[in-house]
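Please look through the structure shown here step by step, keeping the sequence beside it, and follow how charged side chains, paired strands and nonpolar residues are arranged.

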Amino acid sequence: MTVSTISRTVSCAVLLLGSCCWSALATAATPADNAASAESERDADEIIVTGSTREILALPSTAGSRLGLTPLETPASVSVIAGAQIRLRGDATINAAVTRAVGITTTATVGGAGNGVAARGFNGSSVAYIYDGIRNMGGLGNLAFPYDPWTVERVEVLNGPGSVLYGTGAIGGAINIVPRRPSETPEYNLRVSAGSFGTFREAIDATGPITEKLLYRFDVSQQNSNGYIDHGKSSSTAVSGALTFLPSDTLKITLSDDYGHIRPMNYNGLPLINGVALKSLRRENYGRTDDINVRFIENSARLNVEWSPGEDVSIRNISSFVYGDRIWRQGPTQLNYQPATNTILRGSYGEYVQKQRQWNNQTEIGWKHQLFGTDNSLSVGGDVEHLFFRRIVSTYAGTSVVSLTNPAPGLYPAVTPTATGQNMHIDRYALFVDDRLSLTSKLSIVGGLRYDRSNIHRDDAFSGVRVSRVYKPINARIGAVYDIASTFTAYAQYSKATDPISNVCCITAAQLSFDAAKGNQIEAGLKQSLWNGRLAWTLAVYRIKKNDLLIPDPVNPNTLIQVGAQSSKGIEATVALTVVDGVQIDANATVLKARYDEFRELVAGTLISRSGNRPTNVPQKSANLWVNWDATSRIKAQAGVRYVGNRFIDTANLISTPDYSVFDASLRYVVTDRLAVDVRAFNLTDKLYATTFIGNGRGGGQWQLGAPRSFEIAVTGQF
């Protein structure tokens, strides 16, 4: 870090310390105004403790059902990552945070705003991003928002099909991001940090009562960096605000708005030199031009009404509007080494402009009652939604050549681009039901059913030609949970799911003539909490099969037919252990076998079978380990490792990115109960590794590298 970076951090620390001292005096004068609720105490854990295993399996979650079940009660693999834990570890993005969950690995690219992941052998639109229970149907809203975890209360992960909860898609998994909302307890937090590559982060939030019946919350965060490659500047701004009105003990009305503006690092990867990624070239930026423009603007506004007319009856209605604009003029995305001249040939220049407008209304009724003399929990409801999505693609013919070191940026080719585009109009209606019936004191049945009807109209943006299609999928699941002991359960589940042929943003007129792909999963597992919650572990085994992939017709290879198949099977395990007071270990691991069961592709006019090959960007093994140690009452140490196995970048399985392990560590000094300083180190061994890959073919394409070794100093205060 530079002298100016350290100076800026120290100055912020002094300001924080002064604010906290002033706050401490105010607290002493009005102690009643600062009584903390249980939820606020967990938020305060960012300052005073590192966490506990006791509530991992016992806290209700929306990840696996609409019934508010705990992970122990849910017949599925679910996990919850608390926002306080994310911020304590120093994860700067949602992608960095969620890929610490079991079986979740990154496939992030700039075009996907850095949030793409793979789960259980599937990626792309097969893993859904949901924001506070509502899935954004366009490619823009699904991938880019939110970016900064400062505004997040928790991230909930469902491994395996989520179509019963969220509709078409999510055959590999679903990620629900729950934002922070107003609290009855006054609380104010401020965080500043500075780190390697000119990285600065600032954030502030405030929540509490305005009146006895009106609460508020306001969060602002900003990130700026020069980037770990040359000319790799990036920035993001997140602003969230919410008002909660409590007219009675049974009625709660929340109006919220969440805004994000992202300018990601301009980076198209490191081209391989004779098939090898050279560490000496890791900072070179071969995809830069002087006329690039990449930005993402998104906003989610919603009105949430929750009413409990009776002790066992709840009614919730969410009205939401998602607005998004994206422009991606990122420079050449194909970079190939030319041995004869020792240069890089650049090609594939394009500009992508997308606009999204999505209106949604979801109504849900929950009812807990006796059915046939046993406890039953029921949730029924429906969705009404309209989506407008516009995508214009302009491609520029031509190539350019740059030197291997210190490449000149250049400009886009001075040619008239070829433009294509589409306007998507989608009206979707859905009905769903979730139910849990306790057959005995030990055995319960959990099931769900969902019907979706999507009327899709695709208008060519230039010719005006319209192609329409109606999809009417029905998805279902049924599972059983058996209590072996009070905190030890066994479960099994069967679920059906559907997956789109292509993402809404990019689907072609020809693809609309095909049905959605269909899939199913069988899963079984064990979950247990031991020693008064000091040990919690889970184990899951599964098999997923997805049918109706598009492949070339063997009789007429230039025509697609829908008979392909893809499957995966695997095992996942998690462990959270409090070894002794102050020492906690969190670990997870997965081993899977993913393959194309029936898949062919056309290569240079020849139809070649890929059956038996592994799908692209899917590792067979992945694992995470994180250790917390409270060395003293004021010193907290953390360390972790993230392991990802090798991944193929082509369906022929000829080229792969190697496996990697990345080590992170941090040390926290608690100055006072309201002020802490963190020193963090990322990628301690300075590992050269690829988070994902662009391009294919022998010697072609490039690695998108993860960040090299870096450091950060962060100061966090509460007042």
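Arg 201 is partly exposed in this predicted model, because its relative accessible area of 23% lies between the limit for buried residues, under 20%, and the limit for exposed ones, over 50%. Its side chain meets that of Glu 712 in a salt bridge, with 2.4 Å from N to O. This pair links distant parts of the chain, since Arg 201 belongs to strand β10 (residues 199–209) and Glu 712 to strand β41 (residues 710–718), 511 residues apart. Glu 712, in contrast to its partner, counts as buried, at 5% relative accessibility. Side chains of opposite charge can pair when their charged atoms come close. The pair is also part of something wider, for salt bridges that share partners join Arg 201, Arg 668, Asp 678, Arg 680 and Glu 712 into one network.

Two members of that network, Arg 668 and Asp 678, can be found again in the strands, where Arg 668 stands opposite Asp 678 in β38. Strands β37 and β38 run antiparallel and are joined by 7 bridges, and they form a hairpin with 2 residues between them. On following β38 further, one finds that 8 bridges join this strand to β41, again in the antiparallel sense, and that the bridge partner of Val 677 in β41 is Val 715. How many of the 8 residues of β38 are buried? In this strand, which spans residues 675–682, 6 of the 8 residues are buried, and the strand is therefore described as mostly covered, buried meaning under 20% relative accessible area.

Strand β37 (residues 660–672) also holds Asp 664, which takes part in another salt bridge between distant parts of the chain, its partner Arg 100 lying 564 residues away in the loop between α4 (94–98) and β2 (104–106). The closest N and O atoms of Arg 100 and Asp 664 are 3.2 Å apart. Arg 100 is buried, with a relative accessible area of 7%, and Asp 664 counts as buried as well, at 8% relative accessibility. A further pair is made by Asp 219 and Arg 217, whose closest N and O atoms are 3.1 Å apart, and both of these residues are buried. In total, the count comes to 38 salt bridges.

From the charged residues we can turn to the nonpolar ones. In soluble globular proteins, nonpolar side chains tend to be buried together. The largest nonpolar core here has 22 residues, and those with the most contacts inside it are Leu 270, Tyr 286, Ile 344, Leu 404 and Trp 703. Strands β17 (334–338), β39 (690–694) and β40 (702–705) each supply at least two residues of this core. Leu 404, if residues up to four places away in sequence are not counted, touches Ile 273, Leu 281, Glu 284, Tyr 286, Tyr 337, Asn 342 and Ile 344. A second, separate core of 17 residues includes Ala 97, Val 117, Tyr 131 and Ile 177.

Two of the residues named for the largest core also meet in a sheet, as Leu 270 stands opposite Trp 703 in β40. The sheet is an open one of 3 strands in the order β14-β40-β39, with antiparallel pairing. Strands β14 (270–271) and β39 stand at the edges, each with a single partner strand, so one side of each is left without a neighbour in the sheet. Between β14 and β40 the antiparallel pairing runs over 2 bridges.

Another hairpin is made by β31 (residues 600–603) and β32 (residues 606–609), which pair in the antiparallel sense over 4 bridges. Leu 602 has Leu 607 as its bridge partner in β32, and between the strands there are 2 residues, with Ala 604 in this hairpin taking a positive phi near 50 degrees.

Finally, buried or exposed, where does Leu 431 stand? Leu 431, placed in strand β22 (residues 418–438), is exposed because its relative accessible area of 57% is over 50%. Together with Leu 449, Tyr 451 and Ile 474, Leu 431 makes a nonpolar surface patch of about 380 Å². Asp 258 in strand β13 (residues 251–263) has the opposite setting, for this residue counts as buried at 0% relative accessibility.

Conventions:
Residues are numbered from 1 along each chain as its sequence is written. This is a predicted model: local features need pLDDT of at least 70, side-chain atom pairs count only at pLDDT 80 or more; totals for chains, interfaces and linings use all residues. Side-chain values use heavy atoms; hydrogens and water are left out. Patches are made of residues with over 30% relative accessible area and no salt bridge: like charges are joined within 9 Å, nonpolar side chains (Val, Leu, Ile, Met, Phe, Trp, Tyr) within 5 Å. Accessible areas come from the Shrake-Rupley method with a 1.4 Å probe; for residues, only the protein chains shown count as cover. A salt bridge is a side-chain nitrogen of Lys or Arg within 4 Å of a carboxyl oxygen of Asp or Glu. Buried means under 20% relative accessible area, exposed over 50%, partly exposed in between (1.4 Å probe, protein chains only). A nonpolar core is a set of buried Ala, Val, Leu, Ile, Met, Phe, Trp, Tyr and Cys residues joined through side-chain atoms within 4.5 Å. Contact means heavy atoms within 4.5 Å. Two strands pair if DSSP finds at least two bridges between them.
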